[in-house]
Structure formats: C-alpha cells, structure tokens
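Hi,

Here is the structure I promised to pass on. Have a look first, and my notes follow underneath.

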Amino acid sequence: MTLPDCWTRPLPRTDEHCREQARQRQSVLTKPPGSLGTLEQIAITLSGQQATATPAVDRVHIAVFAGDHGVCAEGISAFPQAVTAQMIANFAHGGAAISVMARHLGASLEVVNLGTVGEVPDGLSGVVDATIRPQTGNLAQEPAMTESEVGAALTAGDHAAQRAAEAGAQLFIAGDMGIGNTTAATALACCLLGQNPDALSGPGTGLDARGVCHKAEVIKRALGRHGEDQSPMGALASLGGLEIAAIAGAILGAAGRRIPVLIDGYIVSVAALVAVRQQPELGQWLYFGHQSAEPGHRRVLDALASSPLLSLGMRLGEGSGAAVAVPLLRSACALHNGMASFADAGVSDRS
Ligand SMILES: O=C(O)c1ccc[n+]([C@@H]2O[C@H](COP(=O)([O-])O)[C@@H](O)[C@H]2O)c1
Ligand SMILES: Cc1cc2nc[nH]c2cc1C
C-alpha cells in the first residue's frame, strides 16, 4: 500500500517569532486591547502560519471532493445517488452554491471526482478524474474500502493540496459532495469519539424523524461489524468514504505545505477529526468556518476544541460554510495590516 508523506511525515511548526510580533502589533493599534476579539486572534495565528508580518488570504483555493456511498442501498438519504454525479457537472457549469461563492471571492475552484455511480461527462472544466471505484462498499455489511483504496484517496487529496501550493494559495478550503456521506461521517465520528449513533445521527439532506432513527440503526450495524478499532486508517477503511479520505489527505497536505485550512461543515470536520487523530499537530493549521445544522457537528467541534466562526443553520456541504467565512479572515488581515498605531495616529494610549 502506498501512503502519501502527509499521512506520516511530521507537520511544520508555525513561526513563533512572527506570531509574537503580530501579537505585539495588535497591542499598539488604535483600539482597546482585545476589542477586535476573534479577529485579533485570526490575524495573530495567520501571521505565525504564513511566517509574515502582513498576513493575507487574497488567494483562496477551493477543492470539492466527490464520491458515492454503497450504504445508500440501506435507504439512508432523502436524495438519490445520481445527484452526486449531476452535481459535479453543476459545479463545473458554475451553477452550484460553491461555484457562486468561488466567483464571489475570486477563489480558484476544482472538483476531484473519486468515483460516482452516475456518469460524469469527460472534459468538464475544473474536474479532476481521480476515480478509485464507483462507490464504497455498503459499510453496514462490509468494509467501505481497502486500505490501499484509502491510500489512493489520501494521495488524491494530497495532490489537490500540491496544486493549491503551486497556485500560491494563502488559504485552502476542502468541500465534500456525496449522497449518503452524513451516514459515513456519523459512523466515523461515533467510532472515534465512542459515541452512540442515536446522539449523532441527523437528517442530512432532509430525512424525517423515522428516517433518522433508521439511519442510526444502520450505523449501529456498521459499528457492530467494525468492532473496537479506533485507528484512523482502520476507521477510514471500514466506515469512511472515498471523498472523506481524500479530504483528510488534502487537509494534511495543505498544512504540510504551510497553507492554513478553513474547515467547512459536518463531513469536512469529521475528515479533520480523522486527520488530527493521525497527526495531532494539525490543529495549529485549522480554522472552523461554521457550525452546521447537522446535530453531530457540535460534538465533533467540541472534540476538536474548536470554535466555529459562524452559525447560520447551513447544512449544504461543498465547502460553502467555509467560503462564507472567508470575508471574516480578510477583515482580520485588513485591520491588522492597515490600522494605525497609537504613536502614529497621536492617540493617547491607556494611562
Ligand atoms: O456539511 C454539512 O454540514 C452537511 C450536512 C448535511 C448534508 N450535507 C451534504 O448533503 C449530502 C449528504 O447528505 P445525506 O443525507 O445524503 O447523507 C452531501 O453531499 C453533503 O455535502 C452537508
Ligand atoms: C442538490 C444537492 C446539492 C448538494 N450539495 C452538497 N450536497 C448536496 C446534496 C443535494 C441533494
């Protein structure tokens, strides 16, 4: 099995000197210390991550990872599997929410197709074909993937991070598209956090209460089959998804190339949880864009000791909840780089 370096190689450290300089600059800007709240922390953290006195997130790279899920055979989604492939075409044609947000932000957007049941037309602009298999195994009955398939998906994610680095990205966003992937994400989260599926299962694209109960029962079967193995690789192979594994590889690959990552909603956060379990230092490179309406997200965010920037009741995926938070990071940079100091502006500091 071939695993990308990002899975095992220690991550770089952030630059403590630049971080300290940024902290000192924040303390002399014309405002009561701390009055810009989280925006101050963002500017300080970005300075350390980017090893610069002038942090910026002008160049944003968004990679949406798509894959289908065999567990759809259990009737766990409100939508048909065909939507995954159809949405890939919609991303490419510019009509999806993330397509609009990418244009709005001036961000580059690519779609990485790890494998869909529906056919994706050849030659769609911005779509990378990284097909591993048409869909995962039905995780209620069999492992979702082999470890070598997980390795291939991690590598596809790492390659997306490499393209982001080559494009000079200052911020990386991973998005997900995969009908049925809230079931896989919940199975993974329950496995890694030792939680009961009744506590974490939610409506996904729109199940009713009965549908959510059925989904929790399907996840219980999967966890019973899987057993006690809480290793990131074991959990990903048994309970994960092609796109979830690729996202874990992409996040690790971005951090490994010193690119901070803005995490999206429930599915991307679960991929981040897997990646953090593999490389605990990864947490230093992550921001969390929003808290999804999917009920399990809060528990996953708590396990990652993270505070989301926004809570808008969104539950779309695609990277959309990260994209809407980009203007906050840009505001943090503009304030940090552009404000006058007390000395420069002739404003009296506190006595
Ligand atoms: O990101 C989220 O928080 C989120 C929450 C619920 C659903 N989704 C999206 O909806 C799809 C999965 O929903 P489901 O019900 O088919 O498991 C998948 O394409 C996700 O991107 C995404
Ligand atoms: C239409 C549609 C768009 C999506 N985008 C991400 N997940 C999705 C699920 C559906 C059903």
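Starting with the pocket residues by class: the shell around ligand 1 has seven nonpolar, eleven polar and five charged residues (Ala, Val, Leu, Ile, Met, Phe, Trp, Tyr, Cys and Pro count as nonpolar, Asp, Glu, Lys and Arg as charged, and the others, Gly among them, as polar). Of these 23 residues, Ser-77, Gly-204, Gly-265, Ser-292 and Gly-317 come nearest; being near means a C-beta atom, placed from the backbone, within 6 Å of the molecule. Helix α7 (181–193) gives the most to the shell, three residues.

Before you go further: this is a predicted model, where local features need pLDDT of at least 70 and side-chain atom pairs count only at pLDDT 80 or more, while totals for chains, interfaces and linings use all residues. Residues are numbered from 1 along each chain as its sequence is written, and chains are lettered from A and ligands numbered from 1 in the order in which they are written.

Now the sheet. Six strands form an open sheet in the order β3-β2-β1-β4-β5-β6, with parallel pairing (strands are DSSP E runs of at least two residues, helices H or I runs of at least four; pairing takes at least two DSSP bridges). β3 and β6 stand at the edges with a single partner strand each, so one side of each lacks a neighbour in the sheet.

Strand β2 (residues 108–115) has seven of its eight residues buried, i.e. with 20 or more other C-beta atoms within 10 Å of their own, C-beta atoms being placed from the backbone. Seven bridges join β2 to β1, with Ala-63 opposite Glu-110. Three bridges link β2 to β3, where Val-112 faces Val-128.

Cheers

Definitions and conventions. A residue is buried if 20 or more other C-beta atoms lie within 10 Å of its own, exposed if 12 or fewer, and partly exposed in between; C-beta atoms are placed from the backbone.
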